[in-house]
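Trainee: I have a new structure to read. Where do I begin?

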Amino acid sequence: MPQRTFSIIKPDAVRNGSAGAILAQVAGAGFRIVAIKKQSISKHEAEGFYAVHRERPFFDSLTTFMSSGPLILMVLEKENAIADLRKLMGATNPANAEEGTVRKKFASSIQENAIHGSDAEDTAAFEIAYWFAGYELI
Ligand code: CMP
């Protein structure tokens, strides 16, 4: 059964022109794009999205970064989508990411790390519903 996950091409990647290459890598790996939209988000919206990290020392800087410019919100579908996207993304810190992964190729730091992907089924469900209405998921 296909599984859905949620992903963001982050403001650093949109700003430096790598969004198209990242999208091509994701689509080339067999993910179906269920929904996609480019938009800017407010600091408040970023804080709600990353609420699980609100006690972390990087919370303020992360939410400022995520609201610093346009990003691309996506819902992706394939068999084993959640784990496969995390593999394609590489480690959170690009310094530790495997060769060929999105973060190895396109990320510049642990914070400005080009792409986000849900880490589990429950977070994927929360994150999809946070950014997309049911009628947008086709
Ligand atoms: P993401 O997968 O979107 O989930 C949480 C984000 O917080 C992560 O990617 C990074 O952008 C950021 N992050 C995680 N750890 C750190 C850290 N130690 N310092 C700064 N930002 C971090």
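Mentor: We will go through the ligand, its pocket and one lysine. Keep in mind that this is a predicted model.

Trainee: Which residues are around the ligand?

Mentor: Start with a simple listing. Around the ligand are Lys10, Tyr50, His53, Phe58, Leu62, Thr92, Arg103, Ile110, Gln111, Asn113 and His116.

Trainee: How many residues of each class are in the shell around the ligand?

Mentor: Sort the shell by class. Four residues are nonpolar, five are polar and two are charged.

Trainee: What polar atoms does the ligand have beside it? I want distances.

Mentor: Look for pairs of N or O atoms within 3.5 Å. Take Lys10 to begin with. An N or O atom in the Lys10 side chain is 2.8 Å from an oxygen atom of the ligand. Next comes Gln111, where a polar backbone atom is 2.9 Å from a ligand oxygen. Then take Asn113. An N or O atom in the Asn113 side chain is 3.3 Å from an oxygen atom of the ligand.

Trainee: How much of the ligand's accessible area does the protein cover?

Mentor: On its own, the ligand has 450 Å² of accessible area, and the protein covers 79% of that.

Trainee: How do I read a pocket?

Mentor: Rolling a probe the size of a water molecule over the atoms shows where empty space is left. Here, the ligand takes up the space of the largest pocket. The volume of the largest pocket is about 580 Å³.

Trainee: Which residues are the closest to the centre of the largest pocket?

Mentor: The lining has 22 residues, and Tyr50, His53, Phe58, Thr92 and His116 are the closest to the centre. By class, the lining holds eight nonpolar, eight polar and six charged residues.

Trainee: Which helices and strands supply at least two residues of that lining?

Mentor: Match the lining to the elements. Helix H5 (81–89), strand S4 (115–117) and helix H7 (121–131) each supply at least two residues. H7 gives the most, with three residues.

Trainee: Now the lysine. Where does Lys37 lie?

Mentor: Place a residue in its element, then follow its side chain. Lys37 lies in strand S2, which covers residues 32–39. A polar atom of the Lys37 side chain is 2.6 Å from the backbone oxygen of Trp131.

Trainee: With which side chain does the side chain of Lys37 make a polar contact?

Mentor: With that of Glu136, at 3.2 Å.

Key. Residues are numbered from 1 along each chain as its sequence is written. This is a predicted model: local features need pLDDT of at least 70, side-chain atom pairs count only at pLDDT 80 or more; totals for chains, interfaces and linings use all residues. Side-chain values use heavy atoms; hydrogens and water are left out. A residue is near a molecule or strand if one of its heavy atoms lies within 4 Å of it. A polar contact is a pair of N or O atoms within 3.5 Å; within protein, one must be able to donate a hydrogen and the other to accept it, and residues adjacent in sequence count only if both atoms are side-chain atoms. Accessible areas come from the Shrake-Rupley method with a 1.4 Å probe; for residues, only the protein chains shown count as cover. On a 1 Å grid over the protein atoms alone, a cavity is a set of points where a 1.4 Å probe fits but cannot get out, and a pocket is an open set with protein on both sides within 12 Å along at least five of seven lines; lining residues have an atom within 4 Å of a point. A molecule sits in a cavity or pocket if more than half of its atoms lie within 2 Å of its grid points. Ala, Val, Leu, Ile, Met, Phe, Trp, Tyr, Cys and Pro count as nonpolar, Asp, Glu, Lys and Arg as charged, and the others, Gly among them, as polar. Grid points are joined across faces, edges and corners, and a volume is the space filled by probe spheres set on the points. Helices (H or I, at least four residues) and strands (E, at least two) are DSSP runs, numbered from the N terminus.
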